[in-house]
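Here is a short set of exercises to work through with the model open beside you. Try each task before reading its solution.

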Amino acid sequence: MENAFVSVNIGPPDKNGLRVCQLSDSDHTQHPSDLKPHEGSFYWASKNSCSSKPCGQSMPCINGFTDKQYICPRCQNGFMGERCEQDINECITNTHGCHHNASCNNTIGSYTCKCKPGLNCNQCRILAFPSTLFFVGERLANHTIENISVIDRDTCEYRCYLDHNCVSINFYFGINESGKQNCELNNSTSNEYEKDVVKEANYVYHGTKNFCAQAPCRSYGTCQSGFTRKRYRCLCPSGFMGQNCERVSFRVVFTNLNAVGRYGPTTLGDHYTGQDHDGQVTLSSAIQQWTVPYTGKYTIEAIGAAGGYDPLENSSRYRGRGTKMTGTFSLNKFEVIHILIGQEGGINNVFYSSGGGGGTFVVREASIPLIIAGGGGTGNHSSPEEWKYLMVFRANGRDISSSSSVQRGDYGMFTSNKGYGGGFPKNITGPYGGISLTKGGVIWMGGI
C-alpha cells in the first residue's frame, strides 16, 4: 500500500502479543552495515529494483511498478524519459529563462545565459537550478526568507527567481490546508551551509550557483546573485558606491551661506547640518576651511557668481554669469582645503554702475590653487548693438568695454565705474578694485 517502502522490520511481541512493524524506504543491499541482530525480531525485504538508482542519483524511484519493476514518478529539472536519462535542451524547446539580449547555451541538465556583445543585460536576472544541487528528502534549514503556497515545484523556482534575495528552495510535496504545496525561499545554498542540510521526508531541496557566496560586496552592502555580467550586484548602504561598494559616496555642496554684498559670510549657522560635510567645516575671515574626511580622488565643480546690473536697458540680461570649472584631484585625509564662494555682483537701481561677480576659489592650505572659477562681468554703457558682441566675453567672467582691455583674472581691477572681483594672488588699489583671495577677498559692490 505504501509505494515508497521496500522492506520491513517486525519486532518481538509485547505482553498483549502485538508486534511493532517498521516500514523502510531502503534495504540491506543498499545499506548492509545497517542490518544488525535484534533478538525476537525479523527482517523482510522485497526485490528492490530501485537500488541501482535507475531514475538518477537524486531522484525518487518507486519499486514494483510497470514491467521494469520500478517507476520514476518525476524527473528533475532538465531531464526526461522513462529513466530520466534524456537531457532537455532548454535552448531549443524555449524553456530557458535568458533575457532577450542574452544567448542561451545548453548544458547537461541545465543551461547558461551570456549577454550578447554591446547589449545591456544588467537589469535582467539569470538564475539556473543545476541538477547537481537537487536533493530528495532533504531541506536547507535556518535560511528561509519567505514561506508561500504554490501549485508545483516549477512555480516555486519561478518565485525564487522573482525574489532577488533568493538562491535556493525547499519544496514540500504534501498538500496543505489551501490545497496547494509549500514552497520555502532561501537566501543561501547548501554549498555555503552544508551542515544546515537536514533529512526531511516529502521535501526536495534545489539550489542555484550562488555568485554571492564569496561575499564580494564590501561596506555591509547587500549582494544579489544573477545580475550583471559579473552574475551578481551589490546594493550599497548610504555613503558608499562602486561595483562592490568599495568607494565612499561623498557629495556635498558649499554655498556662500546666504551672504550678500561686498563682504563674505561671518557665520556657518546651520547651513550644513545633516549633510555629508556636517562638522567638517569652519569659517575664518569669510573663507570656509574644510577638513578632508577620506583619502581619495574628488571631483570638484566650481562656479563663479554672476555680475551685477544697473538701470540700463538689458543690463540684467547681458551681464556675465560666471564660469564653471570641473576637475578631479587627489586629496588626503585631514588635509584642510580653503574655499571661497563667489557672491553675486552688486545691483544698482539708481546709477549706471554695478558690481562684478565674485570668483569661486578652491585652494590647498599652502595657498596652492586647485580650481578657480571667475565671476561674471557687469552691465556696461555700451549701445544695444554692442551688447550682443560683449555677451560672448562676459560668459568667461571678464568685462570688455570700448575704453578697456581684457582684464586678467589674477588681478582685481576696474574701469568705467564697473566693479571687479578680486583675483587669486593680486589686487590693485583703487575705489573699484576687488581684493584678492590671499588678501581677504573683498569685492567692490560685488561678491567674494
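What percentage of the contacts in the protein with a separation of 6 or more is accounted for by residues 24 or more positions apart? The share is 51%, where a contact means heavy atoms within 4.5 Å.

Before going on, note that this is a predicted model, in which local features need pLDDT of at least 70, side-chain atom pairs count only at pLDDT 80 or more, and totals for chains, interfaces and linings use all residues. Residues are numbered from 1 along each chain as its sequence is written, and side-chain values use heavy atoms, with hydrogens and water left out.

**Exercise 1. Describe the protein as a whole.**

Step 1: Start with secondary structure. The protein has 4 helices and 25 strands, taken as DSSP runs (helices H or I, at least four residues; strands E, at least two) and numbered from the N terminus.

Step 2: Turn to burial. Of the 448 residues, 42% count as buried; buried means under 20% relative accessible area, exposed over 50%, and partly exposed in between (1.4 Å probe, protein chains only).

Step 3: Add the surface. The accessible surface is about 24,800 Å², and carbon and sulfur atoms hold 51% of it; the areas come from the Shrake-Rupley method with a 1.4 Å probe, and for residues only the protein chains shown count as cover.

**Exercise 2. Decide which stretches to read with care.**

Step 1: Check the confidence. The mean pLDDT is 76, with 76% of residues at 70 or more; pLDDT is the predictor's confidence in each residue, from 0 to 100.

Step 2: Find the weak stretches. Residues 381–417 stay under 50 in pLDDT, and the model gives them 95 contacts beyond four places in sequence. Residues 438–448 also stay under 50, with 65 such contacts.

Step 3: Apply the rule. Where pLDDT is low, the predicted coordinates should not be read in detail.

**Exercise 3. Trace the salt bridges between strands 10 and 14.**

Step 1: Recall the principle. Side chains of opposite charge can pair when their charged atoms come close. Here a salt bridge is a side-chain nitrogen of Lys or Arg within 4 Å of a carboxyl oxygen of Asp or Glu, and the structure holds 5 of them.

Step 2: Take one pair. Lys199 and Glu138 meet in a salt bridge (3.2 Å, N to O). Lys199 lies in strand 14 (residues 197–207) and Glu138 in strand 10 (residues 134–140), so the pair ties together parts 61 residues apart in sequence. Lys199 counts as exposed, at 69% relative accessibility, whereas Glu138 is buried at 16%.

Step 3: Take another pair. Arg139 and Glu200 meet at 3.7 Å, N to O. Arg139 lies in strand 10 and Glu200 in strand 14, so this pair also ties together parts 61 residues apart in sequence. Arg139 is buried, at 14%, and Glu200 is partly exposed, at 30%.

**Exercise 4. Locate the salt bridge of Arg364, then look for a network.**

Step 1: Find the partner. Arg364 forms a salt bridge with Glu335, the closest N and O atoms being 2.1 Å apart.

Step 2: Place both residues. Arg364 is in strand 24 (residues 360–364) and Glu335 in the loop between strand 22 (324–331) and strand 23 (336–340), so the pair ties together parts 29 residues apart in sequence. Glu335 is buried, at 15% relative accessibility.

Step 3: Look for shared partners. Arg139, Glu184 and Glu200 are joined into one network by salt bridges that share partners.
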